[in-house]
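User: Please take a close look at one part of this structure, the packing of its helices, and then relate it to the surroundings. A connected account would be preferred to a list.

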Amino acid sequence: MLLAEHISFAYNGREALHDLSFSVKKGMFLGIIGPNGAGKSTLLKVLMGLLQPGQGRVLLQGKTVHSYASKELALLRAYVPQSLNIPFTFQVKQIVEMGRYARMKHIFHLDAESVAIVDQALRQLDLWNLRNRNFSQLSGGEQQRTLIASALAQQSALIFLDEPTSSLDLNHQQRIFRNIKRLVREEQKTTVLVTHDINLAAQFCDYLILLSDGRMVARGKPDQVLQFDLIQQVYGVKVYIDINPFTKSIYLLPYEANQNDT
Ligand SMILES: Nc1ncnc2c1ncn2[C@@H]1O[C@H](COP(=O)(O)OP(=O)(O)OP(=O)(O)O)[C@@H](O)[C@H]1O
Ligand SMILES: [Mg+2]
């Protein structure tokens with residue numbers, strides 16, 4: 001579904017990604033983790049085709065991302081960016097409806113199917129009671145949920161999310177990951193999600209990639225990537241690692257930052 005081959009990327013000569021290669025099969029839920037500045041958002045933008053890699057290429061369904069027409073790409077993938085300033089005063093519902101426009105023949109006229117999909121996305125993200133509210137007047141977490149709802153309403157085969165749960169409460173964090181997992185399982189959506197919520201990623205993602213300084217330092221199932229030494233080396237914190245008795249997934253608890261890193 002998605003193939004990244006030897007991707008490197010530099011901002012004004014300063015390397016942000018170094019020779020990254022990996023593939024994501026259809027129906028796979030991939031989590032990308034790593035410290036601030038590791039290159040996670042940059043990688044997502046390269047995978048989306050928003051940034052052109054200096055070296056290497058990205059293939060989506062066998063074609064390079066840049067060979068798609070913009071309309072085709074809009075149908076193929078949805079994106080929830082890490083931050084987005086929406087300057088106009090749109091209602092929550094209108095922003096979720098925007099997710100449908102890539103599919104519409106007549107812009108600004110949603111068919112019955114789209115109306116139903118928008119309603120479903122609003123309910124899934126617990127936004128039904130907020131649907132007529134002004135986006136700019138929502139809390140950070142409510143805004144984040146609106147953008148996720150808009151991306152899900154797009155119903156694209158590929159979904160890219162950049163820290164979608166960074167402002168969410170415990171309940172909504174779980175709901176987002178659970179919803180995405182269900183889409184991955186039931187509808188074979190291919191999902192790439194960047195997050196600092198390592199324990200949620202370990203619970204829900206099929207595979208993890210750990211980035212550090214633009215390099216892939218580990219990849220594999222969560223229990224292969226979340227190793228004491230590796231986490232300490234990459235993040236500069238000591239962690240306690242165990243299995244959650246309820247979910248049976250691996251989790252970590254940081255307990256001390258390395259002295260040298262302060
Ligand atoms: N537009 C830009 N121009 C120049 N340098 C940039 C730009 N965007 C990011 N960088 C740099 O590239 C590196 C990777 O940034 P990126 O945003 O991909 O990190 P990240 O892993 O997403 O971090 P975070 O967890 O803080 O979101 C950082 O050193 C950053 O300062
Ligand atoms: Mg980022």
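Analyst:
**Helix packing and its surroundings**

In α3, the residues Val92, Ile95, Val96, Met98, Gly99 and Arg100 meet Thr146, Ala149, Ser150, Ala151 and Ala153 of α5. By class, this contact of α3 with α5 comprises 7 nonpolar, 3 polar and 1 charged residues. The model is a predicted one, and every value given here is computed from it.

Two packed helices are described by the angle between their axes and the distance between the axes. For α3 and α5, the axes come within 6 Å and cross at roughly 30°. Because angles under 35 degrees count as roughly parallel, α3 is roughly parallel to α5. The crossing of these two helices is right-handed.

Helix α3, which spans residues 92–101, also packs on helix α4, residues 112–124; their axes come within 9 Å and cross at roughly 125°. That angle makes α3 oblique to α4. Here too the description of the crossing is right-handed. On the α3 side the contact involves Lys93, Val96, Glu97 and Arg100, and on the α4 side Ser114, Ile117, Val118, Ala121 and Leu122. Sorted by class, the contact of α3 with α4 has 5 nonpolar, 1 polar and 3 charged residues. Val96 and Arg100 of α3 take part in the contact with α4, and both are also listed in the contact with α5.

The remaining pair is α4 with α5. The axes of α4 and α5 come within 9 Å and cross at roughly 145°, again in a right-handed crossing. From α4, the residues Ile117, Val118, Ala121, Leu122 and Gln124 contribute, and from α5, Ala149, Leu152 and Ala153. This contact divides into 7 nonpolar, 1 polar and no charged residues. Ile117, Val118, Ala121 and Leu122 of α4 thus serve in the contact with α5 and are also found in the contact with α3. Ala149 and Ala153 of α5 meet α4, and they meet α3 as well.

The helix contacts lead on to the nonpolar core. The largest nonpolar core has 68 residues, and Leu47, Ala121, Ala149 and Phe160 touch the most other members. Helix α5, residues 140–153, supplies the largest share of this core, with 6 residues. Ala121 and Ala149, both among the residues that touch the most other core members, are also part of the contact between α4 and α5.

Leu47 belongs to another helix, α1, which covers residues 40–48 and has 8 of its 9 residues buried. The buried ones are Lys40, Thr42, Leu43, Leu44, Lys45, Val46, Leu47 and Met48. Lys40 and Lys45 are therefore buried under a criterion of 20 or more other C-beta atoms within 10 Å. Apart from neighbours within four places in sequence, leucine 47 is in contact with Leu2, Ala4, Val58, Phe160 and Val192. Phe160 is, like Leu47, one of the residues that touch the most other members of the core. Just after α1, glycine 49 takes a positive phi of about 85°.

Three strand residues complete the account. Isoleucine 209, in strand β9 (residues 207–212), counts as buried because it has 24 C-beta neighbours inside 10 Å. Outside the four nearest places in sequence, isoleucine 209 is in contact with Phe22, Leu30, Ile32, Met216 and Arg219. Its C-alpha atom and that of arginine 77, 132 residues away along the chain, are separated by 20 Å.

Valine 217 lies in strand β10, residues 215–220. With 15 other C-beta atoms within 10 Å, valine 217 is partly exposed. Leaving aside neighbours within four places in sequence, valine 217 is in contact with Leu210, Ser212, Leu230 and Val234. Valine 217 and glutamine 52 are 165 residues apart in sequence and 23 Å apart in space, C-alpha to C-alpha.

Tyrosine 251, in strand β12 (residues 250–257), likewise counts as partly exposed, with 18 C-beta neighbours inside 10 Å. Beyond four places in sequence, the contacts of tyrosine 251 are Asn199, Ala202, Asp242 and Asn244. The C-alpha atoms of tyrosine 251 and glutamate 15 are separated by 32 Å, with their positions 236 residues apart along the chain.

Notes:
Residues numbered from 1 in each chain as written. Chains lettered and ligands numbered in written order. Predicted model: local features only at pLDDT ≥ 70, side-chain atom pairs only at ≥ 80, totals over all residues. Buried ≥ 20, exposed ≤ 12 C-beta atoms within 10 Å, placed from the backbone. Helix = DSSP H or I, 4+ residues; strand = E, 2+ residues; numbered from the N terminus. Axes fitted to C-alpha atoms, helices over the stretch in contact; angles between N-to-C directions. Parallel < 35°, antiparallel > 145°, perpendicular 65-115°, else oblique. Left-handed = near helix turned anticlockwise from the far one by under 90°. Contact = placed C-beta atoms within 7 Å. Nonpolar A, V, L, I, M, F, W, Y, C, P; charged D, E, K, R; others polar. Core = buried A, V, L, I, M, F, W, Y, C linked by C-beta atoms within 7 Å.
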